[in-house]
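Here are a few exercises to work through with the structure in view. Try each task yourself before reading the solution.

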Amino acid sequence: MAPKTERIQYLRAVRQLHRVRSFYAVGVLLWAASAAWTGWQAPGSRQMWVSVLLLAVFTALLATADLSLRRLAVPPTGRPAHHAASHKAASTRHAHA
């Protein structure tokens, strides 16, 4: 039963990383807009530098989350994700009644 539990934990980790990556991407966009706005209004001010610092932090977090997702990604095998019954014709070895 360990492989099934590991698979569930793997899927949860990937799902959580997708959510976190989305959050960080929104943070990068907001802090970029904030840095641009404060840079326009008050170039060189403390608020601008705080916005730039937070932009750098969120960019680093986004890169880390993206790298983690790439490491967890399973290489595509060209096969379907589920294993359904094959579509081959039934064997003719069985006698018909």
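A salt bridge here is a side-chain nitrogen of Lys or Arg within 4 Å of a carboxyl oxygen of Asp or Glu. This is a predicted model, where local features need pLDDT of at least 70, side-chain atom pairs count only at pLDDT 80 or more, and totals for chains, interfaces and linings use all residues. Residues are numbered from 1 along each chain as its sequence is written, and side-chain values use heavy atoms, with hydrogens and water left out.

**Exercise 1.** Work out how many salt bridges the rule gives, and which residues are linked in a network.

Solution. Step one: recall that side chains of opposite charge can pair when their charged atoms come close.

Step two: go to Asp-66 and look at Arg-21; their side chains meet in a salt bridge, at 3.2 Å from N to O. This pair ties together distant parts of the chain, 45 residues apart: Asp-66 sits in helix α2 (residues 46–72) and Arg-21 in helix α1 (residues 2–41). Helices, by the way, are DSSP runs (H or I, at least four residues), numbered from the N terminus.

Step three: stay with Asp-66 and turn to Arg-70, where the closest N and O atoms of another salt bridge are 3.2 Å apart. Here both residues belong to helix α2, four residues apart, or about one turn of the helix.

Step four: put it together. The count is two salt bridges, and Arg-21, Asp-66 and Arg-70 form a linked network.

**Exercise 2.** Sort Asp-66, Arg-21 and Arg-70 by how exposed they are.

Solution. Start with the cut-offs: buried is under 20% relative accessible area, exposed is over 50%, and partly exposed is in between (1.4 Å probe, protein chains only). Asp-66 has 23% relative accessibility, so it counts as partly exposed. Arg-21 has 28%, so it is partly exposed too. Arg-70 has a relative accessible area of 61%, so it is exposed.

**Exercise 3.** Find the residues that make the nonpolar surface patch of about 240 Å², then place Leu-61.

Solution. First, the rule: nonpolar side chains (Val, Leu, Ile, Met, Phe, Trp, Tyr) are joined within 5 Å, like charges within 9 Å, using residues with over 30% relative accessible area and no salt bridge. Areas come from the Shrake-Rupley method with a 1.4 Å probe; for residues, only the protein chains shown count as cover. The patch is made by Leu-53, Val-57 and Leu-61.

Next, Leu-61 is found in helix α2, and its relative accessible area of 32% makes it partly exposed. Finally, its C-alpha atom is 9.2 Å from that of Val-20, 41 residues apart along the chain.

Notes: Helix = DSSP H or I, 4+ residues; strand = E, 2+ residues; numbered from the N terminus.
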